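Q: Hey, can you walk me through this one? I'd like to know how the chains meet.

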Amino acid sequence: MHVLEMRDVSRKYSFKRYFWQRKKVIEAVKGVTLSIEQGTCLGLVGESGCGKTTLGKIAAGIEKPDQGEILLMGSSMLSSPRSQRLLMRKELQMVFQDCTGSVNPRHTAGKVIGEPIRNFLKLNKDEEEGMVEKLLETVGLNKEDRHKYPGQFSGGQLQRVCIARALAVKPMLIVLDEPLSSLDVSVQAQILNLLADLKKEYGLSYLFISHDIEAVYYLSDALAVMYLGNVVEYIADISMFEALCHPYAEKLLSSVLPADPGKIKNMEVKNDENEKPGTGPGGCSYARRCARASARCLDTAPGLKEVSEKHYVACHHY
Amino acid sequence: MIKEKVMDVEGLCVSLLHRQREISVVRDVSFCLEEGKVLGLIGESGCGKSITCLSLLGLLEKDRWKVEGSVRLKGKELPYLNREKIRRLRGSSVAMVMQNPISSFNPLLTVGQHFTETIRTHKEVTRREAGQIAVEMLLKLNLSEPEKVMGQYPFQLSGGMLQRVMIAIALFMCPHVLIADEPTTSLDVTVQYQILKELAELRDHYRTAMLLVSHDLGVIAQMADEVAVMYGGYVVEQAPSREIFCNPMHPYTRGLMKSRPAFTKDRLNVLEGYPPSLMKRSRGCPFYERCRCARKDCLEFDMKETGATGGHSVRCLLYAGEEEVKMDACS
């Protein structure tokens, strides 16, 4: 059963710098189709500016797509009436990248965690308090911490508060938008373990957005690689990790530095950052940075096609 | 090849003066940088990495920070008290690459203005000549269209390009020492890879001694010849890179190495707890609270170097005694 299905989702942003300028249009997400199985974690990797966060926001219902369809447990999120849509929000929660920016500094941790409870569940005050205490313990904090203000927590502890807030209404899917990037290495490992435990215990599904491929490998069951608004590769089973074959995915993997001096790489990669990402009309979005680009790549955009079982690539070479 | 000591730091102590209190941030740090070699400095946030870097350049404000210890550059003590002299050294003999490229540039000046300002402080050249030097330097760092970049403002460039510009500014005088404070933390993986590659090439080309600060073990493993691990202001372990990754001795180093997910699905072996707050430091080992093999006398430990064999030094009571320590006893 799919918790969430996104079908051909697109999102454009238009802006102009000066009032006499014509509007510029940026396509952050271009026709992405992804689905997340219940109780699994989908990892989403890509460089900054490739539309990962926008896709995460669309999945969490914060951002509306211009095009496409989002199905939550089989029912459409966009076409259902407003009252129902608000209830659907309960099933989707999000943990943001910047934990200090995503909590009100004037609310205590108890109030922060209690907010979704007050919103969705009709509980009296004592019940709510008991629930907050239980949630704090689930994420590895003390009961007494609910009286503390966000400024009194360290980054790792505050990220735990955010996770508790997301867990509060027992959602089906939690969108994790780079939950580790503002944390220390040893604390990152703690949060990763916590997320893995919660997933097992509550049967949660995650959409895990990150640029740390090793962390994604640890937590995810499926993996999607994004490049400039497109999903360029998708594997439904993380154990097929070695089979990743899109030129961009290969480049991403080869940039991971192993923490073992025995495996030091000779750094031989052609510098290609200067070539501006972007496409000609049509054409593969990666063509201008791709070492293997041919005339066909510049003309027609490749679609996502199945190359082997559970493995989809958008590249003309496969 | 003759190894030449370029920078020699001995007993560096830095403390913050805060409401009539002295909060020690860096405690008894000693290391030396050799020509063409990279010393990697790892540690969590708040362990004193960045303060160490800033104090080497004499960039800490004198009325708020107390710096003790000796820093010698090519055998000569750095003249921290003479503002003009140290200003001449900064940028020419000792250069620094900062963590966040976007906030290290003045948003109101073009890249070219940044360049010419630095070049004309250190060399007597005309504006035009300075421009030529800058363009050559940018070409060395594989930036395309350097003339165009020179006329652009920092916000018009991407993070990776700005970081390259900063490295170019840092290296045009061929400094003896380059201090790179988390040069790739704010960048994408693929860009990080390119920047590191360029740093490695420049190190080989100019034979610069480099102090590379990072919290990413992968970056350190890739670049460093020698590694120092910092915790709570102390360098708790220091050894050649291969040695420290194959045979980590301090419990903190071991915990750090294990907590990295390295393409496994096995449960991560984490260090419980959080790094200690600066304000709450007491006597004894700062790692005491999180250590799995802590003993009572750890609280009384004066953090002297123990067990230094074959260039591998550790500050841990486990290695103080003569007896063989079983390595797996506390892992």
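A: Sure, here's a quick chat about the contact between the chains and some salt bridges, keeping in mind that this is a predicted model.

Q: How many residues does each chain put into the contact?
A: Chain B brings 46 residues and chain A brings 48 residues.

Q: And how much area do they bury between them?
A: About 4,200 Å², with 55% of it on carbon and sulfur atoms. On the chain B side, Tyr193(B), Phe263(B) and Tyr274(B) supply 20% of the area that chain B buries against chain A, more than any other three residues.

Q: How many salt bridges are there between chain B and chain A?
A: The count is 2. In one of them, Arg267(B) pairs with Asp197(A), and their closest N and O atoms are 2.8 Å apart.

Q: Where do those two sit?
A: Asp197(A) is in helix 6 (residues 185-202) of chain A, while Arg267(B) is in the loop between helix 11 (251-258) and strand 11 (306-309) of chain B, so the pair joins two chains. Asp197(A) counts as partly exposed at 30% relative accessibility, and Arg267(B) counts as exposed at 51%.

Q: New topic: which residue does Arg164(B) meet in a salt bridge?
A: Glu198(B), at 2.8 Å from N to O. Arg164(B) is in helix 7 of chain B and Glu198(B) in helix 8, 34 residues apart, which links distant parts of the chain.

Q: Are they buried or exposed?
A: Arg164(B) and Glu198(B) are both buried.

Q: How many salt bridges over all chains?
A: A search of the whole structure finds 26.

Conventions. Residues are numbered from 1 along each chain as its sequence is written. Chains are lettered from A and ligands numbered from 1 in the order in which they are written. This is a predicted model: local features need pLDDT of at least 70, side-chain atom pairs count only at pLDDT 80 or more; totals for chains, interfaces and linings use all residues. Side-chain values use heavy atoms; hydrogens and water are left out. Contact means heavy atoms within 4.5 Å. Buried area is the accessible area (1.4 Å probe) that two parts lose on being put together, summed over both. A salt bridge is a side-chain nitrogen of Lys or Arg within 4 Å of a carboxyl oxygen of Asp or Glu. Helices (H or I, at least four residues) and strands (E, at least two) are DSSP runs, numbered from the N terminus. Buried means under 20% relative accessible area, exposed over 50%, partly exposed in between (1.4 Å probe, protein chains only).
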